[in-house]
Amino acid sequence: MGILDIEVWGKDSRKHEECLGTCKVDIAALPLKQANLLELPLESCLGALLMLITLTPCAGVSISDLCVCPLADASERKQIAQRYCLQNSLKDLKDVGILQVKVLKAVDLLAADFSGKSDPFCLLELGNDRLQTHTIYKNLNPEWNKVFTFPIKDVHDVLEVTVFDEDGDKPPDFLGKVAIPLLSIRDGQPNCYILKNKDLEQAFKGAIYLEMDLIYNPVKASIRTFTPREKRFVEDSRKLSKKILSRDVDRVKRITMAIWNTIQFLKSCFRWESTLRSAAAFVVFLLTVWNFELYMIPLALLLLFVYNFITLTKGKVGSLHDSQESTDLDDEEDEEDKESEKKGLIERIYMVQDIVSTVQNILEEIASFGERIKNTFNWTVPFLSFLACLILAVATVTLYFIPLRYIILIWGINRFTKKLRNPYAIDNNELLDFLSRVPSDVQKVHYAELKLCSQSPLRKKRSAV
């Protein structure tokens with residue numbers, strides 16, 4: 001409850017950073033659990049910073065030893081479970097659940113020091129929460145035996161566990177990483193996770209043993225799904241990469257080909273290339289148009305979910321965790337800007353890089369959007385697919401019994417009065433917020449759990465030698 005120091009920085013395309021101004025906020029003078037709108041003039045420059053600050057007590061975050069495990073005590077576990085039971089679904093909607101992570105040990109880590117040892121510590125990240133273990137020096141098989149608890153704000157978040165080598169005053173060396181979606185956690189079971197590289201594309205060296213418990217309220221989690229996803233405060237900037245650009249082009253091409261094949265199938269029905277298929281399509285068209293009602297649209301989507309679920313249980317569609325083709329992306333090396341007398345040429349190069357980088361990001365967004373729609377219907381995340389089925393069933397019943405004009409009227413009144421009811425409300429699209437929780441094909445590869453039989457590239461090189 002002290003002084004909050006704020007700095008505003010500007011950054012140009014050449015990675016040159018400049019401080020534009022500073023300001024201070026006295027946290028102790030602000031009331032708790034209340035939105036405070038502040039306009040703060042920047043020192044040493046013109047301009048002001050408009051901020052909305054809300055002080056909320058942080059509960060549920062802790063670090064302890066194995067002997068003081070919160071969920072190990074039966075009475076405390078029962079009390080926590082009661083807090084997130086269905087009867088309390090409408091109390092404090094932002095408090096979705098609690099996650100407990102036991103970081104037990106790591107084995108066979110990469111030797112980062114000249115002595116053939118490492119000084120490993122483990123960093124855990126969930127959304128914008130970051131906790132870390134202590135450092136164990138000169139050890140390739142460290143045992144931390146620490147218990148971490150996180151409050152869950154969004155059950156669709158991903159727990160990232162990264163092992164680093166402490167290197168004094170220098171930045172720590174990377175030793176491996178795993179990404180674990182919360183909904184894939186198997187409660188109370190110790191699991192061995194093969195460490196991956198920075199891109200989460202390939203196996204690295206070593207493994208880490210974790211034991212996790214997740215308690216959450218499914219109603220609160222469902223409501224949270226249709227609100228904007230929290231943005232990461234610390235996020236690596238995307239680098240321009242020829243291989244990533246090529247991969248994104250291929251992803252967009254696959255989606256385009258799927259749409260093209262669908263159009264060609266419809267054209268083949270019109271051309272009577274197959275008499276049986278065209279006749280069946282013609283009969284279906286006549287029956288559908290003659291008996292069409294608006295409620296049939298969500299009903300048809302619901303039937304598609306049911307069809308994919310049935311084929312999934314029969315094994316015709318791949319496993320829920322079946323990883324897509326993973327393109328081997330080499331680690332991009334950081335290249336420093338070279339000084340040159342031809343500044344005009346350098347400016348053009350940076351301009352071209354910005355344009356290509358923008359195109360790369362747009363392609364990735366398009367590909368991810370199409371893949372998320374596909375993965376919703378493919379039951380990649382059963383919780384989200386079941387939630388979509390529930391929404392479609394409600395929409396079908398609603399459209400069947402309630403005239404469309406009443407539904408549009410209710411929707412319009414809600415949109416027009418949203419800012420009046422809550423001046424600080426963030427404009428959002430519920431459908432896009434829902435899709436943002438569905439993983440793309442690339443994210444499925446990142447979150448896929450590697451089997452113990454997987455051999456890392458480092459071991460392959462050693463065995464080849």
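## Briefing: rings, pockets and a few odd backbone spots

Lys-105 sits over the face of Tyr-209, 5.0 Å from the ring centre. Keep in mind that this is a predicted model. A search of the whole structure turns up 10 aromatic pairs, and there is 1 cavity of 30 Å³ or more. The second largest pocket comes in at about 1,900 Å³.

**Charges over rings**

- Besides the Lys-105 and Tyr-209 contact, Arg-405 lies over the face of Tyr-406, with 5.3 Å to the ring centre.

**Aromatic pairs**

- Among the 10 aromatic pairs, Tyr-216 and Phe-383 meet edge-to-face, at 6.4 Å centre to centre with 70° between the planes.
- That pair links distant parts of the chain: Tyr-216 belongs to strand S13 (residues 203–216) and Phe-383 to helix H7 (residues 382–401), 167 residues apart.
- Tyr-216 has 25% relative accessibility, so it counts as partly exposed, while Phe-383, at 18%, counts as buried because the cut-off for buried is under 20%.
- Phe-309 and Trp-379 make a tilted pair, 4.9 Å centre to centre and 55° between the planes.
- Phe-309 is in helix H5 (residues 296–313) and Trp-379 is in the loop between helix H6 (343–377) and H7, so this pair ties together parts that are 70 residues apart in sequence.
- Phe-309 is partly exposed, since its relative accessibility is 41%; Trp-379 has 10% and therefore counts as buried.
- Phe-121, Phe-164, Phe-174 and Phe-204 are joined by ring pairs into a cluster.

**The second largest pocket**

- This pocket has a volume of about 1,900 Å³, and of the 41 residues that line it, Thr-56, Lys-94, Lys-153, Arg-224 and Glu-230 are the closest to its centre.
- The elements giving two or more residues to the lining are helix H1 (74–83), strand S6 (97–107), strand S9 (143–152), helix H2 (218–225) and helix H8 (404–421).
- Split by class, the lining of the second largest pocket has 16 nonpolar, 10 polar and 15 charged residues.

**The largest cavity**

- The largest cavity holds about 40 Å³ of space.
- Its lining is made up of Leu-126, Gly-127, Asn-128, Asp-129, Pro-151, Ile-152, Lys-153, Asp-157 and Glu-230.
- By class, that cavity lining breaks down into 3 nonpolar, 2 polar and 4 charged residues.
- Two names turn up on both lists: Lys-153 and Glu-230 line the largest cavity and are also among the residues closest to the centre of the second largest pocket.

**Cysteines**

- The disulfide count is 0.
- Cys-192 has 16% relative accessibility, so it counts as buried.
- Cys-269 is also buried, because its relative accessibility is 9%.

**Positive phi outside glycine**

- Lys-138 has a phi near 55°, a positive value in a residue other than glycine, and is found in the loop between strand S8 (129–132) and S9.
- Trp-272 is not a glycine either, yet has a positive phi of about 55°.
- Trp-272 is placed in the loop between helix H3 (242–271) and helix H4 (275–290), and its 44% relative accessibility is why it counts as partly exposed.

Terms used. Residues are numbered from 1 along each chain as its sequence is written. This is a predicted model: local features need pLDDT of at least 70, side-chain atom pairs count only at pLDDT 80 or more; totals for chains, interfaces and linings use all residues. Side-chain values use heavy atoms; hydrogens and water are left out. On a 1 Å grid over the protein atoms alone, a cavity is a set of points where a 1.4 Å probe fits but cannot get out, and a pocket is an open set with protein on both sides within 12 Å along at least five of seven lines; lining residues have an atom within 4 Å of a point. Grid points are joined across faces, edges and corners, and a volume is the space filled by probe spheres set on the points. Helices (H or I, at least four residues) and strands (E, at least two) are DSSP runs, numbered from the N terminus. Ala, Val, Leu, Ile, Met, Phe, Trp, Tyr, Cys and Pro count as nonpolar, Asp, Glu, Lys and Arg as charged, and the others, Gly among them, as polar. A disulfide is a pair of cysteine sulfur atoms within 2.5 Å. Buried means under 20% relative accessible area, exposed over 50%, partly exposed in between (1.4 Å probe, protein chains only). Rings of Phe, Tyr and Trp (its six-membered ring) pair if their centres lie within 6.5 Å; planes under 30 degrees apart count as stacked, over 60 as edge-to-face and the rest as tilted. A charge sits over a ring if NZ of Lys or CZ of Arg is within 6 Å of the ring centre and within 35 degrees of the ring normal.
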